[in-house]
Structure formats: C-alpha cells, structure tokens
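Dear colleague,

I am handing over a structure to you with this email, and I would be glad if you could keep it open while you read. My notes on what was found come after it.

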Amino acid sequence: MNVVRRRFLEGLLRVFDLALQVLSFACTTLLVVYADGSISLREFLSIRVSILNCFLFGLIVLGWSLAFSLCGVYQSRQEPQRETSNIFKATTLATAMLVAIAAAANIRFITNPRFILLFWAISSNLLVCSRLILRYVLTKLRGNERNLRHVLILGTNSRAIAFAQKIQARPEHGTRLLGFVDSPWHGLEDFRQTGFRLACEFSELEAFLRGNVVDEVAMFFPLRSFYEHASRVAAFCQQHGIILRFDPDVFDLKRTHWNTEEFEGAYHVCTEAHDSFAMVIKRALDIVGAFTLLGLLSPLFLAVSLVIKFSSEGGVFFRQERIGMNKRRFNIYKFRTMIPGAEKMMAQLEQQNEMDGPVFKIKDDPRITKTGRFLRRTSIDELPQLFNVLIGDMSLVGPRPLPVRDFQGFNEDWQRRRFSVRPGITCLWQINGRNSITFEEWMQLDIRYLDEWSLWLDLEILARTIPAVFKGSGAA
C-alpha cells in the first residue's frame, strides 16, 4: 500500500470516527431528553440552530479529532488490546473536552452526569465495535490475497531475520514477505537454516523490482560497508516510487524517534525524543493550565504571602538557580519556607544529609520556619512555579528541576538524560514517595517517564498528584 493510499484511508477512518461521535452525541441527547420528559421530541428537534451553536459544535468536533490523534488511535499495526485501550483513552479525553466546552458555554444538559456517562459509554462501545468489525473484514480480505503490502528485505543478518519473523508472527497486519536479497557472504549458510527464501542476489535486485509487485523495500545492510549499495537502492526506489524502510536500530538508538526535517532547502534526518506535534500540544496545555490555575489560586497566593510576610523575617518568594532543559540554567520561584541566609548554612549541615546521591535533604531541617513546614508538607510552596511554566522554563509535568549543586554531583551519563525535557512541577517521583525513595530509584522513575511519555501519562500524573499532596508522604 503506497503512502498516498494509506493517508487517504486514514482520512476516511478519521471522518468515520467523527461521524460515530456525532451519532453518539445525537443518541445520548435523544435518550436524555426522552428520559427527562420536560419537552417532547418534536419540540426538541424544532429548536432553532444559531451560528454560535454551530461554532461550538465545530469546536467540539475539532477537539474530538485532536483527542483521537493524541491518544494514538491512528497508529498503524497496533495490537488489539492496545488499540482498545487507546480508544477508551480517546473517548475519555473527548468526553472531557465536550464537558469543558459545554461548561464554558453554559450548556447545562451536557454537563449533567447522566449525559456524560451515557455519551462516554455509547461512543466507546461504537468505536470498539467498529474496530472489531474492521479487523474482521481486513482479515478476510487479506486471507484472499487482497489489501496486502509486499515487502522485500535487503540483507540476511540477524536484524533482517528478526524483522521477517515479526512479519510472519502477525499475518493479520497484511504484510506479505517476498523474500531476501543479498550477495554471497559467510552468513548465508546460517540464513538458509532459518527456512526463509532468498529472492535474488543484490546484482539482480533492479531487475526483480522492475518485474515484481513490491510496495516496500526494508534495508538492513550495514551502512558503513554497504554505503554505495544503499545509495543505489535509495535512488532506484525513488525512481519507482517504492517506499524505502531503514533499520531503526542502525545506530542502536532504541529510545529515539527519527524525523525528517527541512533546513535551508535541504532535508536532514534527525533524532527526537518525542513526537514534535504532541510536544506542541503539551506546551499549549501547560500555558492554559498554568494561566487557569494562577487565576483560580490568586486568593490563596495573597493569603500565603501575607502569612509568610508577618510570620518571619525575609521576603515572600524564594528564588534559586536550577538546571533546566538541556542543562539551561533558570531561576525557579517558590514561596519562602526557610529563614534568611539558609543557603549559606548548608555547608554546616552537610554531615546531616539523609539522602543518598548528590541530593541534599534533611527531614527536620533547622532552617525551615513553622509556616514553611506546613507549606512544604502541603506542597503549596511549589505553586509560584506556575510562573516558570508560563515563562517556558518548566512544564506542569516533568522531572523535578535540581539545584546546580546537586547537578554537579551526577556521575552517571544515563541519569543526565532527565535533562533532555523541560523540568516539571510534578512527576512520577512526586507521586511515588518523593524523599522516601532512594536517589537511584528517583532517577529510574525519571527515565521511565521519558521512555513511556504521552499526553495521557501527563494527565494521569496530574490526577494522581492531588491525592499524593493530601497524603503528604515523603514530603520534607
């Protein structure tokens, strides 16, 4: 299947999913109206449609489309369990978007808990059932040699064989293996024992591509020693419009995504930790979230500021240099919880440090004021970091920003990968014990966050932060 056709079919699937969402909304509305009995169905259908209502509904549909994309509903070749999980995440997020827009527009019947639950249940079941039917139809088509993607593998090394085994293990994905292409080498005997077929030698490749149905060529040649071969294949595939697939582990970068980027008229293949579009959405959510929270919590900010000002000497806010994204330095803002000159006293307290690794923490730190102890236990002292989020130095969710002193004590390069993203106000460490876990476990949680990151994970961490703050476990 070529790229144009794949994108066309994905576009149709997106339109179909949105149609199911609209159908779910219509069914839910009719059921709720019928159950209430406040107005007749005829009266309800005769309600005038305003331009504002059309605009709001268009905004809702756009939000649904965004939710489905963010939750990975359209990722190709997903396992059924993963696809179902992504659908439930997407419908949950889509329902939340619907309720948020309805609440902002004061559409009361949508914010009714019965409407919310019914809409979520109907939309989730419709989408899951549609995917099951689609999988059944595609399996039948592919069983009849229809809708198949023909793939030819270049190279007969272990990575190429492992790729072929994955293809064979998932026939429902509709990938047909044409065979392997390689020149004679000492590993061919081991290859023949696998039972796979050698379609042709490399010298016969161009003739094979001219005379056979080939949708994709998967290249597993060692690029260093086969650069000229790879270059010829790439040029030939371009001429014929055949998709060329590279081995993603060519540099053994298993946790890195590849991306093509145009720079000054030339295209570069570069690595990135996460999908750039999702990161843009994350930043947008940071700005909206921080701005909203600052507005809602402004009375609390005023009250805390007055308590700090009149309960101890010194300013209201504490500012300290921290290490941010890609080791950029920035000033973090917190409510002051210590006596003036507390940082200068650290050298005297080094021997009392209760944390392993380079981090400095004392459970009963003598520098903390009475008010500061309460602010730390409830994490209220962290709230001014919302200004850091608005500025762009931090995110709502991400590895905690460390002081320069702690950063200079790092001695493992794998730990420094935590600095490849914006630091956050909350993270996995924050909801998993904080200072009650070891420094090694803390770093592993940060790396796990990077490896498993998604917008859904951010939402999950934010939701779990609230009970973690009330519980106060590990806070110091």
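What follows goes through the cysteines, the cavities and one sheet, in that order.

Please bear in mind throughout that this is a predicted model. To begin with the cysteines, the structure holds 0 disulfides. Two of the places you may wish to look at are Cys71, which is buried with a relative accessible area of 9%, and Cys237, which also counts as buried, at 1% relative accessibility. Both values fall under 20%, and therefore the word "buried" applies.

Turning to empty space inside the protein, there are 3 cavities of 30 Å³ or more, and the largest of them holds about 60 Å³ of space. Its lining is made up of Phe202, Leu205, Glu206, Leu209, His229, Arg232, Val233 and Phe236. Two elements, helix H8 (205-211) and helix H9 (227-240), give two or more residues to this lining, and H9 gives the most, with 4 residues. Sorted by class, the lining of the largest cavity has 5 nonpolar, 1 polar and 2 charged residues.

The last item is an open sheet of 3 strands, which follow the order S9-S8-S11 with antiparallel pairing. Strand S9 (329-335) and strand S11 (402-403) stand at the edges with a single partner strand each, so one side of each has no neighbour in the sheet. Strand S8 (residues 317-323) is joined to S11 by 2 bridges, and in this part of the sheet Arg322 stands opposite Pro403 in S11.

With best wishes

Note on methods:
Residues are numbered from 1 along each chain as its sequence is written. This is a predicted model: local features need pLDDT of at least 70, side-chain atom pairs count only at pLDDT 80 or more; totals for chains, interfaces and linings use all residues. Side-chain values use heavy atoms; hydrogens and water are left out. A disulfide is a pair of cysteine sulfur atoms within 2.5 Å. Buried means under 20% relative accessible area, exposed over 50%, partly exposed in between (1.4 Å probe, protein chains only). On a 1 Å grid over the protein atoms alone, a cavity is a set of points where a 1.4 Å probe fits but cannot get out, and a pocket is an open set with protein on both sides within 12 Å along at least five of seven lines; lining residues have an atom within 4 Å of a point. Grid points are joined across faces, edges and corners, and a volume is the space filled by probe spheres set on the points. Ala, Val, Leu, Ile, Met, Phe, Trp, Tyr, Cys and Pro count as nonpolar, Asp, Glu, Lys and Arg as charged, and the others, Gly among them, as polar. Two strands pair if DSSP finds at least two bridges between them.
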